[in-house]
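Here is a protein model for a learner and a teacher to read together. Look at the sheet, a hairpin, a surface patch and some charged pairs.

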Amino acid sequence: SMIRAYNRGKRPIALDLKSEAGRDVALRLIARSDVVIQNLRPGVVEKLGLGPAEVRAAHPRIIYLSISGFGSSGPSRERPGYDIAAQAESGLMSVTGEPDRLPQKVGVPIVDAAAAQLGAQAVLAALYGRERSGMGETLEVSLLETALHLQAATWCEYLGGAPEPTRIGDGQPHNAPAADVVATRDGHIVLSAYAEDHWQRFCRAVGREELVTDPRFSSNARRVAHRAELREVLKECMSGYTSEECVALLSRHQIVTGAVRRYRDVLASEDVVASGILVDAVSADGQNYRALGLPYRMGDAPRPAPAAAPECGADGAAVLAEAGYS
């Protein structure tokens with residue numbers, strides 16, 4: 001029953017929507033808003049009198065986005081939906097991990113993050129449409145559909161007649177080497193050099209030109225067929241170098257590669273530091289902490305730093321006053 005409503009100044013306030021006063025505040029805030037976003041289970045906002053039909057009947061210009069676990073029309077519409085459930089039921093876990101191990105989730109809540117981004121895209125499209133039509137829109141994003149969308153390339157293959165995809169760990173099923181994880185002297189790199197000219201450049205870069213004409217590796221199809229032997233060769237070629245030396249060597253020859261880095265190593269990466277994505281978020285008391293800024297730039301404008309997370313209830317009085325309460 002507790003939600004956070006944001007006014008135009010992006011200041012949050014906690015509301016108890018089961019109370020008449022809480023709903024009244026929500027309705028006042030909604031009346032002054034361009035966008036309403038809710039991710040309660042389907043049917044809950046309707047019972048509270050804050051569903052898209054009610055809101056948009058009163059305010060036709062509002063864009064109303066609902067985010068759910070499984071959508072509002074199927075038999076699972078009332079099931080609680082978390083990222084992990086969508087990973088499982090979309091097939092994503094069935095293709096993630098090693099073939100002889102249990103299905104694996106992605107290491108971060110990627111479906112949650114992607115659903116937020118797809119929801120933002122839908123809202124932006126609706127705002128642009130409103131500039132032309134003068135009318136708002138009712139939008140819906142589900143975690144299940146988002147997880148399917150993230151696998152679009154694999155699903156297109158399957159729907160086109162390809163066999164059921166399986167877990168293969170690293171690498172790609174139809175190309176080699178492609179997205180292969182290779183051990184180095186101090187860690188691992190990922191490597192893709194399946195195009196014939198890339199493979200030839202790789203062989204020259206590591207001083208193994210005889211591999212170009214080796215009948216096991218003379219074409220992409222042959223390398224796929226002899227993937228186990230190929231991986232042994234890759235390990236032989238790279239194990240004498242550090243990961244950073246591998247990246248430097250292969251990059252000079254325009255081979256797609258990357259060092260597998262831990263978070264602490266990512267923070268020290270010259271590319272990450274130079275990007276400016278790490279910013280200082282400043283709180284009201286002057287304290288600051290490191291945070292991630294927006295992952296895009298607008299012209300020459302400096303990357304904006306997010307405000308520090310507010311204390312619980314910090315802006316409650318101000319938001320209530322703006323909504324017309326003493």
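The dialogue below takes these features one at a time.

Q: What kind of model is this, and which residues count for local features?
A: The model is predicted: local features need pLDDT of at least 70 and side-chain atom pairs pLDDT 80 or more, while totals for chains, interfaces and linings use all residues. Residues are numbered from 1 along each chain as its sequence is written, and side-chain values use heavy atoms, with hydrogens and water left out.

Q: How do strands form a sheet, and in what order do strands 3, 4 and 5 stand?
A: Strands pair through backbone hydrogen bonds, either parallel or antiparallel. Helices (H or I, at least four residues) and strands (E, at least two) are DSSP runs numbered from the N terminus, and two strands pair if DSSP finds at least two bridges between them. Here three strands make an open sheet in the order 3-4-5, with parallel pairing. Strand 3 (35-38) and strand 5 (137-142) each have a single partner strand, so one side of each has no neighbour in the sheet. Strand 3 pairs with strand 4 (residues 63-68) over four bridges, and Val35 stands opposite Ile63 in strand 4.

Q: Which sense of pairing do strands 9 and 10 show?
A: Strand 9 (residues 278-282) and strand 10 (residues 288-292) are antiparallel, with five bridges. Leu278 has Leu292 in strand 10 as its bridge partner. The hairpin has five residues between these strands, and its Gly286 takes a positive phi near 90°.

Q: Which residues make the nonpolar surface patch?
A: Patches take residues with over 30% relative accessible area and no salt bridge, joining like charges within 9 Å and nonpolar side chains (Val, Leu, Ile, Met, Phe, Trp, Tyr) within 5 Å. Areas come from the Shrake-Rupley method with a 1.4 Å probe, and for residues only the protein chains shown count as cover. Val108, Ile110, Leu150 and Tyr263 make a patch of about 410 Å². Val108 lies in the loop between helix 4 (83-89) and helix 5 (110-133).

Q: How many salt bridges are there?
A: Side chains of opposite charge can pair when their charged atoms come close. The rule asks for a side-chain nitrogen of Lys or Arg within 4 Å of a carboxyl oxygen of Asp or Glu, and the count comes to 13. Among them, Asp24 and Arg28 meet at 3.3 Å, N to O. These two are four residues apart in helix 1 (residues 20-31), which means about one helical turn separates them. Glu244 and Arg261 meet at 3.1 Å, N to O. That pair links distant parts of the chain, 17 residues apart.
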